[in-house]
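Visitor: I would like a quick tour of the helix contacts and the empty spaces here. Can you take me through them?

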Amino acid sequence: MKINVLVAEIGSTTTVINAFNGIFSSQPKFIGQGQAATTVDEGDVNIGLNNAIESLKENLNIETIEYDKLVATSSAAGGLRMTVHGLVYDMTVRAAKEAALGAGANIHQVTAGKIRRTDINKLKEIKPNIILIAGGVDYGERDTSIYNAEKIADLKFDVPVIYAGNIENQEEIKLIFEDYPGKLYIVENVYPKIDKLNIEPTRKVIQDVFEEHIIHAPGMKKVKEMVNGHIMPTPGAVMTASKLLKEDIGDLITLDVGGATTDLHSVTEGSEEVNRILISPEPLAKRTVEGDLGVYVNMKNIVDRIGKDTLSNKLSISTEELDHLIENHKPIPTKDLEKKFVEELTKEAVITSVKRHAGKFRALYGASGKKTVAEGKDLTNIKYIIGTGGALTRLPNRVEIMESIAKSNKGDDLFPTSEASILVDNNYIMASLGVLSTEYSEAALKLLKQSLEI
């Protein structure tokens, strides 16, 4: 069978392959999906990819597959490990962090000010895939980012370094990294002026660097040889799809509740009313990842958040039955009680992740009396709440779970309102369409709207 495009999603536990036809026509179609275990432990993720293709053949009841293009997303082996080093935490550091997270990175270290010996030791332990250095508004403070660059260059890592700080330092940075084994990338300042973010250029370069230096999982070099299109970090692909969709239907958030983490992507300018009282700038597109909120690997964290007694009452079972449920928890629930259990976990993960992502109203008191300000990301203008990932595309009460977001607002949170429409990525292909959109944006948008049933 001839297929236009195959998209591989190489995850930490599962590799999924999605097939699409009619990409070059006005009626693109999602043909089918195959999946297999990711084979990082076997030293070669290529094995899992080929097994997923075999699974696709079985599902389509065909013997051979020929394809025009193969593109991929990956979060295998911990995904894209990055460290971020800036000047002031609430300014350049936060801007650099937003750029890294939006590109799909997993941030393992953040430092503000001059890097210390303990920071260097931790950096050696992390062995990042990319190092991002920022610091100073344009024509402002110069010394901190130069100091940090010198310390990092002395490590002689064969790791790409991105500099996105004070424009005045660019020539100096080039000299510092002249003999550095890794490649240096100079980008526009992520924080060029006070209260102005400029994270998109850095975000794009991070994804380009990821693709060029795709060495973070065993066998990925072989996959790169197979792939004749783009490779992106999976969370970055979801963000790309979210931004594409926002341009067509309006402000939105995308929730991805997984086995180990919960990702939330928001694409919104916020409301004019809130923007007038916002105390610091927020990016148009923002991603947060909650490493403690997963419904399988980190299930016990969520159980502890809810409380066993409360959870037993919600499920109408004894604590002994709940303990048995926890001990025998499976990646994919099959029985009704197991599904209800995962739904309670998912609801807690959703509400908690939105609370951590969203901003809130605060009261400040001064000489002139009480003043209300807003701090953080404003989600009040959101028109659509989108669910992707296993939990929010497969659980029976997935829509009700997402509807609980607005209901949980106590009044001070900048949450989406009850007027926001709920959409589900029914085919579970949002990440695939994110990477597909880098070359075929029109087809990707149509396929995305098909999956969301809009």
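Guide: The model is predicted, and the questions below go through helix packing, then a cavity and a pocket.

Visitor: How do H2 and H6 lie to each other, roughly parallel or oblique?
Guide: H2 covers residues 89-102 and H6 covers residues 200-212. Their axes are 8 Å apart, and the packing angle is about 45 degrees. Angles under 35 degrees would count as roughly parallel. H2 and H6 are therefore oblique.

Visitor: Is the crossing of H2 and H6 left-handed or right-handed?
Guide: The contact joins Glu98, Ala99, Ala100 and Gly102 in H2 to Thr202, Arg203, Ile206 and Gln207 in H6. These residues divide into 3 nonpolar, 3 polar and 2 charged. As for the hand, the crossing of H2 and H6 is right-handed.

Visitor: How do H11 and H13 lie to each other, roughly antiparallel or oblique?
Guide: Take H11 as residues 308-315 and H13 as residues 336-357. Their axes come within 10 Å and cross at roughly 130 degrees. Roughly antiparallel needs an angle over 145 degrees. So H11 is oblique to H13.

Visitor: How many polar residues are in the contact of H11 with H13?
Guide: From H11 come Leu311, Lys314 and Leu315. They meet Leu337, Lys340, Phe341 and Glu344 in H13. The contact divides into 4 nonpolar and 3 charged residues, and the polar count is: no polar residues.

Visitor: How do H8 and H17 lie to each other, roughly parallel or roughly perpendicular?
Guide: H8 spans residues 234-249, and H17 spans residues 441-452. The axes are 10 Å apart and the angle is about 85 degrees. The range for roughly perpendicular is 65 to 115 degrees. H8 and H17 are therefore roughly perpendicular.

Visitor: How many nonpolar residues are in the contact of H8 with H17?
Guide: H8 brings Ala241, Leu244, Leu245 and Asp248. H17 brings Ser441, Ala444, Leu445, Leu448, Lys449 and Leu452. Sorted by type, there are 1 polar, 2 charged and, to end on the count you asked for, 7 nonpolar.

Visitor: How much space lies in the largest cavity?
Guide: A water-sized probe rolled over the atoms shows where empty space is left. Searching the whole structure for cavities of 30 Å³ or more finds 1. The space in the largest cavity is about 40 Å³.

Visitor: Which element gives the largest share of the lining of that cavity?
Guide: The lining consists of Leu325, Asn328, His329, Lys330, Pro333, Glu338, Phe341 and Val342. By type, they divide into 4 nonpolar, 2 polar and 2 charged. Phe341 also appears in the contact with H11. The largest share, 3 residues, comes from H13.

Visitor: Which element gives the largest share of the lining of the second largest pocket?
Guide: That pocket holds about 530 Å³ of space. Of its 24 lining residues, Arg94, Glu98, Glu282, Lys286 and Arg356 are the closest to the centre. H2, strand S13 (285-290) and H13 each supply at least two lining residues. The largest share, 6 residues, comes from H2.

Visitor: How many charged residues line the second largest pocket?
Guide: Start with Glu98, one of the residues closest to the pocket centre. Glu98 is also among the H2 residues that meet H6. The pocket lining divides into 5 nonpolar, 5 polar and, for the charged group, 14.

Methods
Residues are numbered from 1 along each chain as its sequence is written. This is a predicted model: local features need pLDDT of at least 70, side-chain atom pairs count only at pLDDT 80 or more; totals for chains, interfaces and linings use all residues. Side-chain values use heavy atoms; hydrogens and water are left out. Axes are lines fitted to C-alpha atoms, for helices over the stretch in contact, and angles run from 0 to 180 degrees between N-to-C directions. Helices (H or I, at least four residues) and strands (E, at least two) are DSSP runs, numbered from the N terminus. A crossing is left-handed if the near helix is turned anticlockwise from the far one by less than a right angle, and right-handed if clockwise. Contact means heavy atoms within 4.5 Å. Ala, Val, Leu, Ile, Met, Phe, Trp, Tyr, Cys and Pro count as nonpolar, Asp, Glu, Lys and Arg as charged, and the others, Gly among them, as polar. On a 1 Å grid over the protein atoms alone, a cavity is a set of points where a 1.4 Å probe fits but cannot get out, and a pocket is an open set with protein on both sides within 12 Å along at least five of seven lines; lining residues have an atom within 4 Å of a point. Grid points are joined across faces, edges and corners, and a volume is the space filled by probe spheres set on the points.
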